[in-house]
Amino acid sequence: VISIERIASCSIDLPPSPHEEGYNFLQLQGAWAREAQEVWNKIDYGKYVVGDTEGSQVHRANPFVAITDGTVTEDTGTVRGFSLIYSGGFQSVLQVNQMGLLRINIGMHPDIFKWKLEPGEFFTSPESVAAYSSN
């Protein structure tokens, strides 16, 4: 029997930002009748966690993050977006190490996810989508 206690549908490393402004991230949060409110944060050294353990409250916490590199507007700049195609509890972790490398993980929330696989069984993680735009 195999016990799965943590699973990421997307894990990607980005090199240190070449821009003085560095990386920023956008998360979407809200409440009833105020869905998808933008919350921007600068990414410095350390760990940032965005998530939800209730799952059904997508208006409160959305399984999506966007990473901007340097200054961005609607017409210029570099943006990477990541979304989990899943309506349950999720967690996005963004972590910058001492060398400036940014690691992004998005998947099912480990506090509420546990799965046991019996011999011959399999598990498929939720899909994730990644998008990139630069001009």
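**Exercise 1. Determine which residue of β9 is the bridge partner of Ile12, and place the two strands β2 and β9 in their sheet.**

Step 1. In β9, Ile104 is the bridge partner of Ile12. The model is predicted, so local features need pLDDT of at least 70 and side-chain atom pairs count only at pLDDT 80 or more, whereas totals for chains, interfaces and linings use all residues. Residues are numbered from 1 along each chain as its sequence is written, and side-chain values use heavy atoms, with hydrogens and water left out.

Step 2. β2 and β9 pair in the antiparallel sense over six bridges; two strands pair if DSSP finds at least two bridges between them. Strands are DSSP runs (E, at least two residues), numbered from the N terminus.

Step 3. The open sheet consists of four strands in the order β2-β9-β8-β5, with antiparallel pairing. β2 and β5 (46–52) each have a single partner strand and stand at the edges, so one side of each is left without a neighbour in the sheet.

**Exercise 2. Describe the largest nonpolar core and the contacts of Ile67.**

Step 1. A nonpolar core is a set of buried Ala, Val, Leu, Ile, Met, Phe, Trp, Tyr and Cys residues joined through side-chain atoms within 4.5 Å. Buried means under 20% relative accessible area, exposed over 50%, and partly exposed in between (1.4 Å probe, protein chains only).

Step 2. The largest such core has 17 residues, and those with the most contacts inside it include Phe25, Ile67 and Ile104. At least two of its residues come from each of β2 (8–14), β3 (23–29), β6 (61–69), β7 (78–85), β8 (90–96) and β9 (102–108).

Step 3. Leaving aside residues up to four places away in sequence, Ile67 touches residues including Leu14, Phe25, Phe82 and Leu102; contact means heavy atoms within 4.5 Å.

Step 4. Another core, of five residues, lies apart from the largest one; among its members are Ile7, Met108, Phe113 and Leu117.

**Exercise 3. Identify the residues of the aromatic cluster that contains Phe113, and explain what the pair of Phe113 and Phe123 ties together.**

Step 1. The cluster is formed by Phe113, Trp115 and Phe123. Rings of Phe, Tyr and Trp (its six-membered ring) pair if their centres lie within 6.5 Å; planes under 30 degrees apart count as stacked, over 60 as edge-to-face and the rest as tilted.

Step 2. Phe113 and Phe123 form a tilted pair, 5.5 Å centre to centre with 50° between the planes. Phe113 lies in the loop between β9 and β10 (115–117) and Phe123 in the loop between β10 and β11 (127–134), so the pair ties together parts that are ten residues apart in sequence.

Step 3. Trp115 and Phe123 also form a tilted pair, at 5.1 Å and 55°.
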